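This briefing concerns the architecture of one chain and the contacts that two other chains make with it. Please consult the sequence and the structure shown below while reading.

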Amino acid sequence: MSQEKQCQCAEVQEEELYPRLEEVITEHRGKGQDLIMVLHKAQNLFGYLPRKAQEMVAEGLNVSLNEVYGVITFYNFFSTVPQGRNSVKVCLGTACYVRGSQEVLDKAQKELGIKVGGTTEDRRYSLDVVRCIGACGLAPAMLVNEDVYGRVKSPHLPDILAKYE
Amino acid sequence: MIKATINNVEIEAPEGTSILWAAKKAGFTIPTLCNHPDLKPGGQCGICVVEIEGIPGLKRACMTPVGEGFKVKTHTPRIMATRRQLVELILSNHDTDCLTCVKNNNCELQQLASIVGINVHDYSRSGERLPIDRSSVSIVRDPNKCILCGRCIQVCSNVQTVDALAVNHRGFDTVITTAFDAGLGNSVCINCGQCVVHCPVGALYEKSATEEVWEALHDPDKFVVVQEAPAVRVMLGEEFGMPTGSLVSGKMHAALRRLGFDAVLETNFTADLTIMEEGTELIDRLTSGRNLPLITSCSPGWIKFMETYFHDMIPHMSTAKSPQQMFGALAKTYYAEVKGIDPGKIVSVSIMPCTAKKFECQRPEMNASGYQDVDYVLTTREIGRMMREAGLDVKEMPDEPPDDILGDYTGAATIFGATGGVMEAAVRSAYRLVTGKELENVEIKPVRGLQGIKEAEIDIDGTRVKVAVAHSCGQARKLLNKVQDQIAKEGKSEYQFIEVMACPGGCVGGGGQSWGSNMAKRARRGESLYEEDRSLPLRRSHENPSVLALYEKFLEKPNSEKAHKLLHTHYYKRSTVDGKIKPAS
Amino acid sequence: MMLAGYAVGAAKGFIYIRGEYALSIERLEKAITQARLYGLLGENILESGFSFDLAVMKGAGAYVCGEETALIESLEGKRGHPRNKPPYPVTEGLWGKPTVVNNVETLANVPEIIRNGAAWYRGYGTDKCPGTKVYTIIGNVATPGLIEAEMGTTLRDIIYEYAGGIKEGKKFKGALVGGAAGAFMGPEMLDAKMDFVNLKEYAAVLGSGAILVMDESTDIVGMLQSVLHFFKHESCGHCVPCRLGTKQLVEIVDRIAGGKGKVEDIESLVKISEVMRDTSFCPLGQSLNLPISSSLKYFRDEVYGRVQQPA
């Protein structure tokens with residue numbers, strides 16, 4: 001029951017965001033070359049790229065829907081399914097791997113009760129893997145939203161995660 | 001000219017020639033999978049790699065231009081081992097159930113595996129089975145067969161500018177799908193089937209109606225009539241190993257009759273009828289000056305393309321139905337009436353070089369007879385399969401005429417199958433309609449041939465009519481953009497009449513043609529149609545005696561009220577998102 | 001970049017940064033804004049008559065966009081698939097116009113060379129390979145981080161002088177040099193001089209300058225697993241050898257790591273990576289042979305020890 005409520009609430013919020021997307025598109029109208037930039041902005045708005053947003057971007061930038069969808073499914077950053085409020089990304093690049101990031105990832109999956117690519121039921125967290133976040137000197141590293149955590153050991157995880165509502 | 005050697009054979013080739021084509025000159029066919037003679041090389045498969053003396057590594061022959069003094073080797077032990085490895089890798093992710101594949105014996109991958117000598121599978125099959133896309137009424141897509149050569153995308157995006165198919169996702173998960181992976185039936189796909197005829201494997205094929213047609217043929221309660229499109233008579237022979245473009249009109253009638261059709265009739269008959277309707281429409285528009293240029297409407301792929309991308313041009317479209325649909329409407333009315341058959345018992349089948357015709361016959365407005373006017377559409381490939389199953393060989397058939405009263409045709413009808421043919425046929429009759437005199441030289445050469453957009457100026461007894469012909473939707477897009485631009489700037493276009501065919505080459509290049517086609521074959525088939533035109537006693541649509549009888553007994557005159565009800569149609573605006581009809585605003 | 005723009009007569013430069021590098025993007029954008037304020041970017045820079053501007057392009061998570069033509073595709077707002085070459089970017093690059101693509105490190109060397117002269121720069125490094133190289137030292141070292149060292153510095157000096165040696169006093173096992181698709185090196189390479197020319201003789205590369213140091217506890221098959229999974233994930237999918245080769249490599253290395261591998265599996269790793277080296281469309285697939293062949297060169301016994309022995 002509570003879940004249902006939450007969903008509706010999310011939808012209402014989403015509807016309210018479309019005028020803001022329209023503003024973003026207006027800045028780049030007809031400029032197909034700005035597609036990736038506009039998608040970054042759209043994803044920042046919605047937390048993912050809903051179908052309607054993709055259609056609006058295609059029309060506004062004058063590129064085919066296929067091109068938009070092709071670009072979205074090519075780049076790791078973009079998601080077509082709703083994400084959790086907080087995105088947890090564990091780095092599995094070689095530098096982090098050699099310093100035990102697999103263990104960190106295993107712990108994160110256990111702690112959150114979801115697999116890589118999943119979102120918790122309460123939409124609080126999404127878990128993903130990244131391949132290098134440019135923090136090799138801090139390996140093993142992980143990202144929560146925009147915050148970088150270095151030298152992570154699996155026992156640290158619960159404390160890190162608890163900071164994000 | 002560049003001088004080089006291919007396996008020690010000296011060759012000369014113009015600058016820019018790829019090693020692949022240069023090698024052909026030396027007599028060596030370098031195997032390839034993604035390359036197609038009519039398309040740009042994409043370099044996906046890597047099968048065509050060669051060694052060039054002094055250059056380290058292997059180079060792709062398809063996209064490496066031959067250079068001065070190159071010494072190229074095309075089948076060293078290293079190259080042959082590499083090719084075998086690549087084919088094995090492809091097979092590791094390919095549904096190799098060849099016996100049940102529509103492309104069995106016609107598959108380029110199957111041939112390649114045999115050429116490079118694959119006899120064991122070294123690598124484990126990887127990847128899950130993906131769902132087959134059956135959402136389109138015309139085309140089935142099986143991603144488990146797809147090798148991601150990209151040919152379908154190149155024709156769909158670059159040649160046709162439809163942009164229904166694209167490469168989506170990434171790496172091993174890469175698939176060729178439509179936007180949102182929604183399926184061809186929920187996309188802007190125009191059903192032209194150019195993807196199908198360019199696919200080297202069995203990943204794209206027509207949605208078959210052979211089972212339904214067999215059932216009708218074996219049902220004693222049904223009266224099954226069949227019509228054959230103009231282009232089919234220069235394609236069907238290829239299904240039986242005859243040279244490309246063999247003209248088999250009479251043999252085709254005989255084989256269809258032996259297959260069990262109750263009446264073997266002709267789309268060519270309604271092609272002549274189309275000229276009467278569309279020609280009259282042209283005269284009306286020229287007289288009133290309204291909605292010029294008039295644009296032809298025979299090609300259902302083009303119609304859906306126009307409805308999606310150019311629906312502003314709907315007032316310019318001829319309202320005349322395509323010959324297939326005119327036939328359908330008449331078979332269950334006029335024909336049934338004259339022959340005394342219950343139209344409810346008539347099953348109307350058409351043989352088409354086209355996959356979009358399968359879509360056209362299922363359009364909800366195509367039921368002027370009170371029934372679905374055309375029940376089943378079969379491609380040339382499907383009817384070829386049915387004939388082979390029945391033990392019929394078109395090569396061995398006698399020449400037989402079609403049945404009456406929807407069977408007669410003129411040379412003007414038969415050239416409908418080649419790009420420019422409808423235009424030429426229309427001009428032959430419009431001349432008569434306007435001037436009352438016959439056009440003496442009926443051959444209008446400037447509208448023939450395979451160049452992109454063809455133009456001509458026709459002098460109809462002092463009235464100059466400027467016409468243009470486009471084949472492929474990419475060319476149509478260019479031409480229509482120009483027309484729209486002219487109308488916006490000058491209030492009118494320089495053209496009065498435009499013919500558009502969705503497929504390159506016209507219907508002889510349709511999505512329902514035999515496997516393994518290319519532009520050269522399309523050209524050859526077109527020439528055969530012009531040969532039949534020359535050989536026929538009547539070459540003007542308005543001379544067709546059965547057409548004249550139809551007007552006299554049933555329709556009264558071209559563009560009459562009855563003709564409008566049965567032979568004319570209307571168009572919709574479609575969404576550029578999913579190709580669906582947009583509700584009228 | 002401005003100097004490079006001046007040299008080739010370009011009016012616009014792009015800095016393409018991985019989307020993951022949020023902090024770098026923020027700092028660069030700030031720096032560019034400041035440069036504009038000081039009149040160092042924009043119209044008629046310092047009244048020189050030369051106009052040049054910079055834009056930051058944020059990537060969206062695709063390693064292949066490090067390949068210059070894939071990067072250009074991405075700049076144009078498309079999927080990062082590499083293009084056919086020729087034409088090379090210098091003749092037909094961004095939007096079909098001549099384009100120079102360089103690494104940050106290359107461009108960063110330019111001002112110093114102009115300021116101090118070529119002879120000064122040649123004073124560093126070796127005869128064949130003058131200058132310096134920036135290294136990212138990571139893995140099991142005491143002080144990981146970025147260093148700049150002369151060309152020709154030995155691997156030993158880089159690890160023990162600059163990076164404080166192996167962490168927790170453990171033994172050096174080996175290093176992965178040159179980035180994810182670089183070459184593994186064993187202890188016998190500690191005294192090899194690190195420069196482009198010399199490493200070529202050892203069939204290794206300096207590449208990005210990343211040196212991943214492994215201590216004695218590192219599992220080499222696990223390392224290969226990490227590298228191969230990474231490449232499977234980052235393969236763009238355009239060409240057969242890379243798309244299907246990485247998939248097979250991953251399946252095989254997982255099998256070996258899980259103790260189910262056979263001797264033939266190791267042979268397949270080599271065979272597939274060789275085909276990928278010879279036929280992949282771009283360097284991403286071509287480079288994977290290096291970590292595989294070098295791991296077998298220096299850690300042969302360990303890898304073969306992990307597969308089931310023939311009866």
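The points that follow treat the fold of chain A, then the interfaces with chain C and chain B, and finally the salt bridges.

The model is predicted. Chain A contains seven helices and four strands, and its four strands form an open sheet with mixed pairing. Chain A is in contact with chain C through 29 of its own residues and with chain B through twelve.

**Fold of chain A**

- Read from the N terminus, the elements of chain A follow the order α-α-α-α-β-α-α-β-β-β-α.
- The C-alpha trace of chain A extends over about 50 × 40 × 20 Å along its principal axes.

**The sheet of chain A**

- The strand order in the open sheet of chain A is 2-1-3-4.
- Strand 2 (125–130) and strand 4 (147–149) of chain A are the edge strands, each pairing on one side only.
- From one strand to the next, the twist averages 20°.
- Strand 3 (residues 142–144) and strand 4 of chain A run antiparallel and are joined by three bridges.
- Within this pairing, A:Val144 stands opposite A:Asp147 of strand 4 of chain A.
- Helix 6 (residues 101–112) of chain A packs on the sheet and touches strand 1 (86–91), strand 2 and strand 3 of chain A.
- The direction of helix 6 of chain A makes about 160° with that of strand 2 of chain A.

**Interface of chain C and chain A**

- On the side of chain C, 43 residues take part in the contact, against 29 residues from chain A.
- About 2,800 Å² is buried between chain C and chain A, with 62% of it on carbon and sulfur atoms.
- The residues of chain C that lose the most area to chain A are C:Glu20, C:Ala60 and C:Arg79, which together account for 19% of what that side buries.
- Zero salt bridges are found across the interface of chain C and chain A, while eleven residue pairs, both at pLDDT 80 or more, are in polar contact.
- At least two residues of the chain C side come from each of strand 2 (53–58), helix 3 (68–75), strand 3 (132–139), strand 7 (210–215) and helix 8 (220–234) of chain C.
- Helix 8 of chain C gives the most to this side, with nine residues.
- By class, the side of chain C that touches chain A comprises 20 nonpolar, 15 polar and eight charged residues.

**Interface of chain B and chain A**

- The contact joins 14 residues of chain B to twelve residues of chain A.
- Chain B and chain A bury about 1,200 Å² between them, and 56% of it lies on carbon and sulfur atoms.
- The interface of chain B and chain A has zero salt bridges and eight residue pairs in polar contact, both at pLDDT 80 or more.
- Strand 7 (residues 166–168) of chain B supplies the largest share of the side that touches chain A, three residues.
- By class, this side of chain B has seven nonpolar, four polar and three charged residues.

**Salt bridges**

- Over all chains, the whole structure holds 65 salt bridges.
- In chain A, the side chains of A:Lys41 and A:Glu27 form a salt bridge at 3.9 Å, N to O.
- A:Lys41 belongs to helix 2 (residues 35–46) of chain A and A:Glu27 to helix 1 (residues 2–27) of chain A, so this pair ties together parts that are 14 residues apart in sequence.

Methods. Residues are numbered from 1 along each chain as its sequence is written. Chains are lettered from A and ligands numbered from 1 in the order in which they are written. This is a predicted model: local features need pLDDT of at least 70, side-chain atom pairs count only at pLDDT 80 or more; totals for chains, interfaces and linings use all residues. Side-chain values use heavy atoms; hydrogens and water are left out. Contact means heavy atoms within 4.5 Å. Buried area is the accessible area (1.4 Å probe) that two parts lose on being put together, summed over both. A salt bridge is a side-chain nitrogen of Lys or Arg within 4 Å of a carboxyl oxygen of Asp or Glu. A polar contact is a pair of N or O atoms within 3.5 Å; within protein, one must be able to donate a hydrogen and the other to accept it, and residues adjacent in sequence count only if both atoms are side-chain atoms. Ala, Val, Leu, Ile, Met, Phe, Trp, Tyr, Cys and Pro count as nonpolar, Asp, Glu, Lys and Arg as charged, and the others, Gly among them, as polar. Two strands pair if DSSP finds at least two bridges between them. Axes are lines fitted to C-alpha atoms, for helices over the stretch in contact, and angles run from 0 to 180 degrees between N-to-C directions.
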